[in-house]
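Work through the exercises below with the sequence and the model open side by side. Each task is followed by a solution in steps.

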Amino acid sequence: MTPPYPHLLAPLDLGFTTLPNRVLMGSMHTGLEDSKKHFTRMAAFYAERARGGVGLIVTGGFAPNIEGWAKPFAGTLATPRAAVRHREITGAVHAEGGKIALQILHTGRYGYQPFCVAPSRIQSPISPFTPRELSARGIERQIRAFVRCARLAREAGYDGVEVMGSEGYFINQFLVTHTNHRKDDWGGSYPHRMRLPVEIVARIREAVGRDFIIIYRLSLLDLIPDGSSWDEVVLLAKAVTDAGATLLNSGIGWHEARIPTIATSVPRAAFAWVTQKLRRQLHADGVRIPLVTSNRINTPEVGEQLLADGCADLVSLARPFLADADFVAKAQRGQADQINTCIACNQACLDHTFANRISSCLVNPRACHELELVIHPARAKKRFAVVGAGPAGLAAATTLAERGHEVHLYEAAADIGGQFNMARRIPGKEEFDETLRYFRRRLQVTGVALHLGQRVESADLLAGGYDAVLLATGVTARDPRIPGQDDPRVLSYVDVLQHGRPVGPRVAIVGAGGIGFDMAEYLSVGPDLGHASPTLAPEVWRREWGVADPEAQRGGVVRAAPEPAARVVTLLQRKPGKHGAALGKTTGWIHRAALKMKQVEMLAGVNYERIGAQGDGVGLFITFGESRRDATVLEVDTVVLCAGQEPRRELQAPLVAAGVPVQLIGGADVATELDAKRAIDQATRLAATL
Ligand code: FAD
Ligand code: NAP
Ligand code: SF4
């Protein structure tokens with residue numbers, strides 16, 4: 001019998017060591033790196049991933065010195081004392097049979113701290129601090145810091161280091177004229193600009209010996225104007241290979257680039273073609289070094305296909321290892337259908353990082369909380385009823401059943417998923433389907449008794465004689481009480497997304513929260529009002545955002561050429577100021593840019609006065625400001641209400657009155673600022689204790 005995923009699970013011989021498979025856990029800054037007190041947690045986090053069979057782990061970034069800090073007091077490896085602390089991590093990973101490399105991250109002008117340095121004194125758009133321009137001696141000090149960091153990593157027991165040379169960080173800043181205006185031996189011509197990474201890799205190799213992994217993360221596609229040309233990328237790949245790199249990892253896009261590179265709307269493996277391009281070129285030129293491809297690879301099938309197609313020698317998955325520590329082990333056992341798939345939402349990982357919070361995962365709240373959120377077997381088996389199979393109910397039911405309880409899950413609809421069934425219809429949110437696939441299987445594996453199509457009443461629950469009831473009944477759409485809203489051309493988001501009610505070519509959307517934004521995207525993309533959202537083909541997606549072949553265009557970025565909008569959409573909110581201010585820190589800009597591309601008009605600070613017949617459509621009468629005079633009328637074909645949500649918990653009172661222990665979770669508990677992250681986290685934590 002052919003083993004599953006023969007390419008993905010094939011070992012890779014690096015000469016002095018062998019990786020058990022072709023899956024690299026890409027570097028992620030979890031926030032655990034930045035405090036000594038988190039080292040035990042960090043060790044548990046990585047050990048769990050090593051136990052899950054990943055071929056090679058790369059840690060979150062550690063600065064080689066203060067100048068390289070991402071923020072004040074960021075994790076740093078610069079002294080033997082610090083190296084001793086890292087032994088806890090390497091020991092834990094090795095005890096599980098894993099391998100781990102430390103990422104050396106010098107942020108240069110991206111440093112959110114006053115000591116930041118760069119090739120030239122040019123402030124970045126993502127930090128308020130202007131970097132100090134390094135002298136030639138200053139550059140030499142940075143190189144020595146990289147080398148010292150690698151030596152200390154070896155002393156700490158790491159199997160290797162990754163030199164972060166992409167994403168617009170320090171090394172990348174030397175490579176391009178966008179950030180390097182120097183006239184000395186470190187600037188000007190490309191051989192001068194690329195001197196820094198080549199010296200760093202060569203001198204690290206000299207310091208650590210032959211039997212130590214050096215991964216160089218190479219920016220294949222800068223996605224900024226004045227980025228590297230393709231010839232320069234190839235030249236650098238060859239030079240760092242000659243200098244002693246063991247593996248070349250793919251870096252895509254500077255942090256200041258205005259093109260999404262990992263968000264859920266980015267098609268899977270959207271950038272593997274660039275790694276493939278480099279691999280072909282290097283092979284043609286007789287250069288053999290294993291290449292790692294990355295970005296939006298989240299299933300074993302995708303990884304296997306990329307390797308089978310010759311795109312790369314390894315695949316890098318980062319966030320998928322937050323979502324499921326056992327990704328590789330499940331693939332090996334032929335249980336890919338049990339993998340908890342990363343949906344690329346960024347909500348609990350990158351959004352946390354940017355808010356200075358410890359990362360976790362929307363679909364797996366145990367990520368980075370392995371020591372504190374432990375799913376123990378129950379001491380005494382109980383009978384639970386869970387009402388509602390949205391994210392909260394699903395997480396609660398499966399966790400309770402995993403612990404050995406008898407669980408009955410009731411869902412009024414014909415299928416599980418709750419509001420995720422609407423979310424997954426939004427263009428670019430197709431990944432949400434994976435969470436439903438995961439839970440569908442998980443319900444079977446844990447033995448939850450699932451009762452679909454059953455809208456339970458309190459009497460049913462009382463008759464069931466349960467030890468406790470968890471109400472995960474979710475929400476109802478808030479009624480904005482606009483006079484005239486009973487017009488048949490006024491619909492709620494549920495009418496549109498769940499019931500497929502037709503929407504005309506001109507639309508006004510009341511409410512610009514998460515759902516209002518999603519609705520605007522859904523309606524402006526079209527093409528018609530069927531239920532399935534159109535998934536963008538990768539080449540259409542590239543055209544929409546202006547991603548080009550770096551061989552044709554320096555940096556791989558051209559003018560965006562979006563498809564025309566399917567409808568004329570106006571998105572309204574009562575509060576003044578920017579639309580989408582509460583959207584995710586790392587994804588809000590993408591949603592705003594996507595709507596701008598579709599020429600969605602945004603109106604803020606409006607009062608909804610009334611709705612009534614207007615011309616050949618329906619009029620939404622609005623005013624601005626406190627005086628509420630001089631109404632403006634928007635003549636549209638359809639008004640869609642996305643005015644927020646209220647908890648649905650009518651079952652609570654009768655159960656409490658009858659003395660049944662009841663717990664509210666998810667939207668049934670608090671609807672304000674509800675998202676699936678909070679719903680799943682709350683449900684899992686509660687179920688872990690009952
Ligand atoms: P729900 O998902 O509302 O589930 C409640 C379930 O209970 C429903 O299936 C309902 O049928 C069932 N039920 C109710 N009463 C009964 C009864 N008496 N008997 C049996 N069953 C009953 N969140 C994010 O985090 N990120 C996103 O990107 C995101 N995008 C979204 C996009 C859209 C278009 C929508 C609509 C929502 C989105 N959300 C997103 C929000 C997210 O889906 C919700 O926060 C989440 O679903 C709430 O989970 P829940 O389990 O509390 O409730
Ligand atoms: P929301 O984010 O709370 O937005 C509700 C919108 O309706 C706001 O624009 C609000 O702004 C407006 N509104 C509130 N009361 C109103 C009233 N009485 N009349 C008219 N307008 C009113 O809620 P949502 O959009 O329904 O989303 C529900 C939850 O799903 C949110 O908590 C969100 O986090 C989650 N979600 C998340 C994402 C994501 O990408 N992370 C996507 C979709 C949904 P004004 O008061 O200024 O008008
Ligand atoms: Fe993936 Fe979202 Fe989890 Fe981050 S929070 S790892 S993007 S599923």
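The model is a predicted one.

**Exercise 1. Contacts within the core**

Task: Find which residues touch Phe 271, leaving aside its neighbours within four places in sequence.

Solution.
- Step 1. Select Phe 271 and drop the residues within four places of it in sequence.
- Step 2. The contacts that remain are Leu 221, Leu 223, Ile 252, Pro 260, Thr 261, Val 266, Asn 295, Trp 541 and Val 547.
- Step 3. Place Phe 271 in its core: it is among the residues with the most contacts inside the largest nonpolar core, together with Ile 204, Tyr 216 and Leu 248. That core has 154 residues.
- Step 4. Another core, of 23 residues, lies apart from the largest one and includes Ile 426, Ala 520, Leu 523 and Val 640.

**Exercise 2. The domains**

Task: State which residue ranges make up each domain, and give the separation of the centres of domain 1 and domain 3.

Solution.
- Step 1. According to the domain assignment, domain 1 covers 12–332.
- Step 2. Domain 2 is written as 383–477 + 646–687, and domain 3 as 490–531 + 566–643.
- Step 3. Taken over C-alpha atoms, the centres of domain 1 and domain 3 are 42 Å apart.

**Exercise 3. The barrel and its helices**

Task: Trace the strand order of the closed barrel and find where helices α2 and α3 lie.

Solution.
- Step 1. The barrel has eight strands, in the order β3-β4-β5-β8-β9-β10-β11-β12, and the pairing is parallel. Ignoring direction, neighbouring strands are turned against each other by 30 degrees on average.
- Step 2. Check the pair β3 and β12: β3 (residues 23–25) and β12 (residues 314–317) run parallel and are joined by three bridges. Val 23 has Val 315 as its bridge partner in β12.
- Step 3. Add the helices. Helix α2 (residues 80–95) lies across β4 and β5, at about 145 degrees to β5. Helix α3 (residues 136–155) touches β5 and β8, and its direction makes about 160 degrees with that of β5.

**Exercise 4. Ile 89 and Ser 120**

Task: Decide whether Ile 89 and Ser 120 are buried or exposed, and list what each one touches.

Solution.
- Step 1. Ile 89 lies in helix α2. Its relative accessibility is 0%, so Ile 89 counts as buried.
- Step 2. Not counting residues up to four places away in sequence, Ile 89 touches Phe 39, Met 42, Ala 43, Tyr 46, Ile 100 and Tyr 158.
- Step 3. As a check on distance, take Ser 265: its C-alpha atom is separated from that of Ile 89 by 34 Å, with the two positions 176 residues apart along the chain.
- Step 4. Ser 120 sits in the loop between β6 and β7. Its relative accessibility is 4%, so Ser 120 counts as buried too.
- Step 5. With the sequence limit of four places applied, the contacts of Ser 120 are Pro 131, Glu 133, Thr 179, Asn 180, His 181 and Arg 182.

**Exercise 5. Helix α9**

Task: Name the buried residues of α9 and what covers them.

Solution.
- Step 1. Helix α9 spans residues 300–308; Pro 300, Val 302, Gly 303, Glu 304, Leu 306 and Leu 307 are buried.
- Step 2. Their cover includes α8 (272–284), β11 (291–293), β12 and α11 (327–332).
- Step 3. Move on to Gly 310, just after α9: this residue takes a positive phi of about 75 degrees.

**Exercise 6. The open sheet**

Task: Give the strand order of the five-strand open sheet, identify its edge strands and locate helix α18.

Solution.
- Step 1. The order is β18-β25-β19-β20-β21, with parallel pairing.
- Step 2. β18 (490–492) and β21 (601–603) each pair on one side only, and these are the edge strands. The average turn between neighbouring strands of this sheet is 20 degrees, direction ignored.
- Step 3. Strands β19 (residues 506–510) and β25 (residues 638–641) are joined by four bridges; Ile 509 has Val 640 as its partner in β25.
- Step 4. Helix α18 (residues 514–525) lies across β19, β20, β21 and β25, at about 175 degrees to β20.

**Exercise 7. Cysteines**

Task: State how many disulfides the structure holds, and whether Cys 349 and Cys 361 are buried or exposed.

Solution.
- Step 1. The number of disulfides is zero.
- Step 2. Cys 349 counts as buried because its relative accessibility is 11%, under the 20% cut-off.
- Step 3. Cys 361, at 12%, also counts as buried.

Methods. Residues numbered from 1 in each chain as written. Chains lettered and ligands numbered in written order. Predicted model: local features only at pLDDT ≥ 70, side-chain atom pairs only at ≥ 80, totals over all residues. Heavy atoms only, no water. Pairing = 2+ DSSP bridges. Helix = DSSP H or I, 4+ residues; strand = E, 2+ residues; numbered from the N terminus. Axes fitted to C-alpha atoms, helices over the stretch in contact; angles between N-to-C directions. Contact = heavy atoms within 4.5 Å. Core = buried A, V, L, I, M, F, W, Y, C linked by side-chain atoms within 4.5 Å. Buried < 20%, exposed > 50% of the residue type's maximum accessible area, 1.4 Å probe, protein only. Domains from an automatic or database assignment. Disulfide = S-S within 2.5 Å.
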